[in-house]
Amino acid sequence: MGIIRAKDVVYEYIRRDEEGNVEGITRAVDQVSLDVRQGEFIAILGHNGSGKSTLAKHINAILNPTEGTVWVDGMDTRDDTKVWEIRQRAGMVFQNPDNQIIGQVVEEDVGFGPENMGIPTKEIWERVEESLKAVGMYEFRKHSPNKLSGGQKQRVSIAGVLAMHPKCIVLDEPTAMLDPRGRKEVIRAVRALNQVEEVTVVLITHYMEETIHADKVFVMDGGRIAMEGTPREIFSQVERLKELRLDVPQVTLLAYELQNRGMKLPRGILTVEELADALSGSGVR
Amino acid sequence: MSIIVDHVSYIYGADTPLAVTALDDICLEIPDGQFVGIIGHTGSGKSTLVQHLNGLIRATSGHIYFNGEDIYDSDFDRKKLRGRVGLVFQYPEHQLFEVDVFSDVCFGPKNLGLDRKEVELRSYEALRKVGLPDELFYQSPFELSGGQKRRAAIAGVLAMKPEVLILDEPTAGLDPKGRDEILYQIKQLQKESGMTILLVSHSMEDVAEYVDRIIVMNRGRILFDNVPREVFSRYRELEEVGLAAPQVTYILNELKTRGLNVDVNATTIGEAADTICMAKGHGG
């Protein structure tokens, strides 16, 4: 059984008007089933309002399913006695770093999680050190978070989750507010966690090129999983993605445009190297 | 008629030990009807610069001329300036507050002291311009999707009929389609009504696709000010200051190193496809 498993999950919420009268019911997640194995890198794509964030919030028991079940490391997320354990196994990083950082000094902020778990002081400091090293922020440990760039703050948030020794980390658009360097730093740190520390990663994003290294991509639409496959399988379906209000990485789009103009290229090109290889091969005309 | 920024510097906390220079001797001229992209890493001074243009922040030194008039002159009407230079902040949907979308859009022009009919006409027109469908006009703004909220907020600024529209990262957090729709509509505004547009963005691909000119900010100074193809040809220097070029720039440079005779300065997918077809001798 996988680290995260969802079976027929439905999440509905009731809309009310100003007097509190029920106006209707919205089904934000509709019959979603998925199984994520320990150590996998999963990306979730989908337009605004497609249900990705709502689904993600089920993974650390911020939300509970209306129907169906979510298990994190074998624990049912509706089990109240397991909530803290679940949140420790599956950490979450949100879009805006300024809403997540509370410490006055970087290392204090990272230590906040393990401190709340009642970890002995000596071990807290060991965890803080290793977490900051894992995201490449150790040299900033004595700095004030206020003086860091967006990408650096976001990496501190990730270290804060990491210090709780989670098996899984869920990142909900962690790069939406960052400049290109910040985005690159965060994605590099996330990939390192996955590959070196073997933490399971669930990455939600609107930047298609951030998902090309994922093991699996899920595309959501109307609360359901509309597409599922490897990045290459997903991004070779340019038209389908456009229908779902999404896009493909620029390099994939360029290859697609060249194919439309009659050039023979492999489908689902994902990186600059792949396209350059395909184009510098003498066979292509 | 234009905006002229003349040796403007701005220091946060001037005369305190915490003084930080956010803008350092900025000079630029923005002619009417231009679509300008402003890029720069977080903290480079982009937002500080645009907030000077409608008088929200007052320069520590230097002058700003709007249509030839110094906005710091004692008899210059700065309140009116805010109607003429519309500023859409980051995450403008956080500023929606009215009971329905239409009233929210009316708020700006109402405060300009216009009569009710004019206010409603302008609001209707603004909502049409941003492509928000009629059936949403009387819904609560809080029930709209992310992209729709953002468009409602932009309409609120458009209803004041600004001559210059400044948008600070208008597409952050939107899905790709929403991103394209908003940028397309902004481009239409420029084309149809000749509005001057300043777009602050972190997305190099968006900037490459839509703007006529790019201003690159770094540490409170202007690093480059040129057309997109010229700016992105300096991609190594852009990377040094925390930015990047669009992915096509990297593809074309890689192809060039591998001996394919492509124009490395193409910045959009269409241009890149053209030059690759040409280099491969493909009839396309």
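Trainee: In what order do the strands of the open six-stranded sheet in chain B follow one another?

Mentor: A sheet is read from one edge to the other, and in this predicted model the open sheet of chain B has the strand order 6-7-8-3-9-10, with mixed pairing. Strand 6 (85-88) and strand 10 (221-226) of chain B each have a single partner strand, so that one side of each remains without a neighbour in the sheet. Direction ignored, neighbouring strands are turned against each other by 15° on average.

Trainee: How many bridges join strand 3 of chain B to strand 9 of chain B?

Mentor: Strand 3 (residues 35-39) and strand 9 (residues 213-218) of chain B run parallel and are joined by four bridges; in strand 9 of chain B, B:V216 is the bridge partner of B:I39.

Trainee: Which strands of chain B does helix 5 of chain B touch as it packs on the sheet, and which does helix 6 of chain B lie across?

Mentor: Helix 5 (residues 146-158) of chain B touches strand 6 and strand 7 (164-168), and its direction makes about 165° with that of strand 6 of chain B. Helix 6 (residues 176-193) of chain B lies across strand 3, strand 7 and strand 8 (196-200), running at about 155° to strand 8 of chain B.

Trainee: Turning to the interface, how many residues of chain A are in contact with chain B, and which helix of chain A gives the most?

Mentor: In chain A, 36 residues are in contact with 36 residues of chain B. Helix 6 (180-195), helix 9 (250-260) and helix 10 (272-280) of chain A each give two or more residues to this side, and helix 9 of chain A gives the most, with six residues. The residues of this side of chain A divide into 16 nonpolar, 11 polar and nine charged.

Note on methods:
Residues numbered from 1 in each chain as written. Chains lettered and ligands numbered in written order. Predicted model: local features only at pLDDT ≥ 70, side-chain atom pairs only at ≥ 80, totals over all residues. Contact = placed C-beta atoms within 7 Å. Nonpolar A, V, L, I, M, F, W, Y, C, P; charged D, E, K, R; others polar. Pairing = 2+ DSSP bridges. Axes fitted to C-alpha atoms, helices over the stretch in contact; angles between N-to-C directions.
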